[in-house]
Amino acid sequence: MLRPVSAADLARAATGPDDLFRLDWVPAPTTDRPETARTGHWAVVGDRDTDAWRESGVPTKHYADLDSLIAAVDAGEPAPAAVGLAVAANSGEVPSPVADLLGAMRTWLALERWADTPLVALTTGAVALHHAAGTSTGIGTGTGIGTDTPDLSGAGAWGLVRSAISEHPGRLAVADVDGTAASYRTLAERLAPLDEPQLALRDGEAWVPRLVRMASGGVLVPPTAAPGMTWRMEVGRQGRLDGVAPITEEPRALGPSEVRVAVRAAGVNFRDVLNVLGTYPGDAGRLGHEGAGVVMEVGAEVTDLVVGDRVMGLLDGAFGPSAVTDARLLARVPDGWSFEQAASVPIVFLTAYYALVDLAGLKEGESVLIHAAAGGVGMAAVQLAHHLGAEVYGTASEPKWPVLRGLGIPDERIASSRTTEFEQRFKSGVDVVLDALTGDFVDASLRLVRPGGRFVEMGKADVRDPEQVAAAHPGVSYRAFDTFDAGPDRIAGMWAALLELFEQGALRPVTVTSYDLSRAPEALRLLGQAKHVGKVVLRVPSPWGGGGTVLITGGTGGLGAEVARHLVTEHGVRDLLLVSRRGLEAVGAVDLRAELEELGARVEARACDVSDRAALSAVLDGVDVSGVVHAAGVLDDGLVADLTPERLAGVMSAKAESALHLHELTAGRDLSAFVLFSSFAGVVGNAGQAAYSAANNILDALAATRRAQGLPAVSLAWGMWEAGMGSRLPQADVTRLRRGGMPPLAASEALALMDAALVVNEPNAVPVALRTSALSGGRVPSVLRDLVPTAGRRWGVAASGTVGDGGGLVERLRGLGSVERDRVLLDAVLAQVAGVLGHASAGAVDASRAFKELGFDSLTAVDLRNRLNSVTGLQLPATLIFDHPTILSLRDRISAELAPADDGDTAFLMAELDKLRTVLAETAPAADDDVRAAIGDRLQQLLATWSAGATEGGGQDADQGNRVAVDDATDDELFALLDDKPWVAE
């Protein structure tokens, strides 16, 4: 049956990952304009790292305040080349340092005689360049989350300066420094010219902020599924560990004995890794075979589970918001367990129990060798074997031995899983082996099994024939298995036994390393490289999935009302507390409450100024708050020169100080969501919105601070909505925004982006309708430079970038001499190696080290081979890195396969020169300077490269003189060479 297509459906279809961005920090581009470098000394205002400045070698003079500097120069001191103004760190009054900076900037900008001297606001710890995606909890570990918490006052300063830069380009800059001499030295070098007015400096390295699409760098953004549809992560590009992609599907109907679970966390298994790489022997099924969550629907014959139960168990397709399974494969989550702990339990403990109890029949007093004992199944098996009274031996890589000791295995029973040395170390033999290794490791392990012993194989990569094993090892039984072989009824029985052992304290969940579902490629890479301890789990965020009341500040305003409707209709929220300055007296508030109650919600609307901490505390008293949406705020736009401290304070109070009160007053509550409505103004630095930019930048920093403290938070730096403040804009302004590439977001589009951002669960997200093609015509803010198409690129100069396919790489190699060709190929190989290892850039890879030293194994070798096949167009063998164990030897192998033409080939050179001659003829005599310069650049590049290649070939030393002449030639002289060709032998 066909149904009408609604406007909301169309909005969902139009809105997707391309409208969700994040702010990344990337290495600052190299500077190549030394002729514009500033000379002279720096004036440093404020008590900031005097010794480090002196050690940097940068000439400096220090002043107590800006007035002292101005007075000194007025009295005859030489003017500085630049002024560094130290911004005080947050001392409890977050807005105060921002207000002080505003006063200093206004003073500086009013002095036109200082127009050529940039004022640089210096913060410390205002930006967190990195945050950890995974956290660890459990046996023997602490937390793995990053401890970088931005200074909130410094963050506000960044927002203030960003807007001021838009208003006064060239006069202002902002830099976050670490107090080292190397960083101050780099700052002085980088600030000439002011091409990058926003810098973060760490140990002498300069970083710049760039807006990138959220769905980049391995981050997975869920699709905006149509009504009645759901989504999950599945294999999108088999053969590589980052080949995971979101897909949409129609939920299937439940069978009579089945249960639908709202997944909150999902376990990641080696089977998933092999599935993504395409190396699983047989049908690996869908990604995600276990998890934990809340029952959302039960089949007709299910009697022991009801909607709302917290469960864990074996699932089908658990890498998504919901999954279906047989009720017998589930168990209730014990009290006090988190969903992440619960998701780590099913496969590892069911596998260990089935292997040791059902298949091996391990008895008290027997001995058992557990391979990979620091892994998930290994840690579960060690605990279970100890409970059964067995003598436990274990292998693991040497860095993980402390984990085995922590599990109670003595040193004399611990050996490496990287070599077969364990055979000699445990030569007295064992009764049972629990194995997941391959090749020689299996043979060595079989030789350790005593007559009458049992070898239980849970691996899939080297399964042996039981009869052949029995013939080679008399008296040894061999059994390869899969946990699902036990069947639903036996699994239900094992669950009963395991839950009793957990309740008794005989067993406890293993160590957990968790990632958000959006970071699934990182989790798969960690597991594939065996760098984890215990279990790897994916969190599936569900911010509105619990009970309790959701508080919305600004709840009766335009944005707050839209969010309230969305939470009720799309997420089933039933209790709302709407807070605004006027409460039910606000225009439309009574109608809104009636509308929401008609939809089944219980709604309370309260009048409260959330910037009043005491009043807000009174409103929250006695309310079971489970989620917060801070949508309140005020605008007071105006240029920095006209912005008074009072106007700044009004904006900061409504937006930033209110958020801080919410943070402090709910810190001890069990919140599932803390959503801050920030603004794109704080990211890009809108002219005329310095106060708003500063306040919203503090919200972004607060979200990062909360996450570092283990508290939920997502700050959404919104582009303009059609609702809310955007609805009050004149139509001419809306038209201008659209034409400028920043159209307002329809409410349905914005809410779909909010849902996607909350699933991605990065601390900061930027939902904005950004049409980059419309931005390329004018001056582009520095944070947008990597998004906007390059305008006016000079003819003949190719854009650099990542190699895309075999044809592209071959084309890049064409026309290069052997030295340059080797460099390009090495860069291409290093880029793919870095991608496999999860490094941010190829620069993190040491090309002199062997693949084995870099941590490659058979799985990562497959990943690298597949990537190289893609970028080279070749069909390289799976044994590639074993045949060529170093990066350089691999580079040489690929070079030989591609066999590109040498640019020293005169025929190639002549063909390229003919192209240039044609362009020159078509444009002359009217060719403008840019066209002539571009032709000259390409000609000089060709001749220099050809000359280098010819010299490498030997026997053409005489051409070196022509090379020098080419390097020094003017454009006119180069054009003449098109006809004369003095370098080509007849």
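**Exercise 1. Decide whether E366 counts as buried or exposed, then work out its surroundings.**

*Solution.* Start with the accessibility: E366 has a relative accessibility of 15%, and because buried means under 20%, E366 counts as buried. Bear in mind that this is a predicted model.

Next, place the residue. E366 sits in the loop between helix 9 (346-359) and strand 17.

Now list the neighbours. Leaving out residues up to four places away in sequence, E366 touches G361, A390, E391, D431 and R454.

Finally, look at what the side chain does. One polar contact goes to the side chain of R454, at 2.8 Å. A polar atom of the E366 side chain also lies 2.9 Å from the backbone nitrogen of K363.

**Exercise 2. Find out where S367 lies and which side chain it meets in a polar contact.**

*Solution.* Begin with the element: S367 belongs to strand 17. With a relative accessible area of 2%, S367 is buried, because the limit for that label is under 20%.

Then collect the contacts. Not counting residues up to four places away in sequence, S367 touches L362, E391, Y393, G429, V430, D431, V432 and R450. Pick out E391 from that list: it is 24 residues from S367 along the chain, yet their C-alpha atoms are separated by 4.4 Å.

The last step gives the polar partner: the side chain of S367 makes a polar contact with the side chain of R450, at 3.4 Å.

**Exercise 3. Rebuild the sheet that contains strand 17, and say which strands lie at its edges.**

*Solution.* Write down the order first. The sheet is open and has 6 strands, arranged 19-18-17-20-21-22, with parallel pairing.

Read the edges from the two ends of that order: strand 19 (414-416) and strand 22 (477-480) each pair on one side only. From one strand to the next, the twist averages 15 degrees.

Now zoom in on one pair. Strand 17 (residues 367-370) and strand 20 (residues 430-435) run parallel and are joined by 3 bridges. As an example, I370 has L434 in strand 20 as its bridge partner.

To finish, add the helix that packs on the sheet. Helix 13 (residues 440-448) touches strand 17, strand 20, strand 21 (449-457) and strand 22, and its direction makes about 145 degrees with that of strand 21.

**Exercise 4. Work out which way the residues of strand 2 point, and which strands it is bridged to.**

*Solution.* Sort the side chains into two groups. W42 and V44 point one way from strand 2, while A43 and V45 point the other way; all of these are buried.

Then follow the bridges. Strand 2 runs parallel to strand 4 (residues 82-86), with 4 bridges between them. It is also joined by 4 bridges to strand 3 (residues 60-63), again running parallel.

W42 gives a handy check on both: its bridge partner in strand 4 is A82, and in strand 3 it stands opposite T60.

**Exercise 5. Identify the residues of the largest nonpolar core that touch the most other members, and trace one of them.**

*Solution.* The largest nonpolar core has 75 residues, and those touching the most other members are L66, L69, V83, L101, M105, L160 and L551. Helix 22 (residues 690-708) gives the most to this core, with 10 residues.

Take V83 as the one to trace. Residues up to four places away in sequence aside, V83 touches W42, A43, V45, L66, L69, W108, T117, P118, L119 and V120. There is also a second, separate core of 59 residues, which includes A331, W401, V456 and V537.

**Exercise 6. Find which residues of helix 6 are buried and what they pack against.**

*Solution.* In helix 6 (residues 181-190), the buried residues are A181, S183, Y184, T186, L187 and R190. To read their spacing, recall that an α-helix has 3.6 residues a turn, so residues three or four places apart point the same way.

Then name the partners. These buried residues pack against strand 2 (42-45), helix 2 (50-56), strand 5 (119-123), strand 7 (172-176), strand 8 (198-202) and strand 9 (205-213).

**Exercise 7. Put the chain as a whole into numbers.**

*Solution.* Count the elements: the chain has 34 helices and 31 strands. Of its 986 residues, 54% are buried. For contacts between residues at least 6 apart in sequence, 70% join residues at least 24 apart.

Methods: Residues are numbered from 1 along each chain as its sequence is written. This is a predicted model: local features need pLDDT of at least 70, side-chain atom pairs count only at pLDDT 80 or more; totals for chains, interfaces and linings use all residues. Side-chain values use heavy atoms; hydrogens and water are left out. A nonpolar core is a set of buried Ala, Val, Leu, Ile, Met, Phe, Trp, Tyr and Cys residues joined through side-chain atoms within 4.5 Å. Buried means under 20% relative accessible area, exposed over 50%, partly exposed in between (1.4 Å probe, protein chains only). Contact means heavy atoms within 4.5 Å. Two strands pair if DSSP finds at least two bridges between them. Axes are lines fitted to C-alpha atoms, for helices over the stretch in contact, and angles run from 0 to 180 degrees between N-to-C directions. A polar contact is a pair of N or O atoms within 3.5 Å; within protein, one must be able to donate a hydrogen and the other to accept it, and residues adjacent in sequence count only if both atoms are side-chain atoms.
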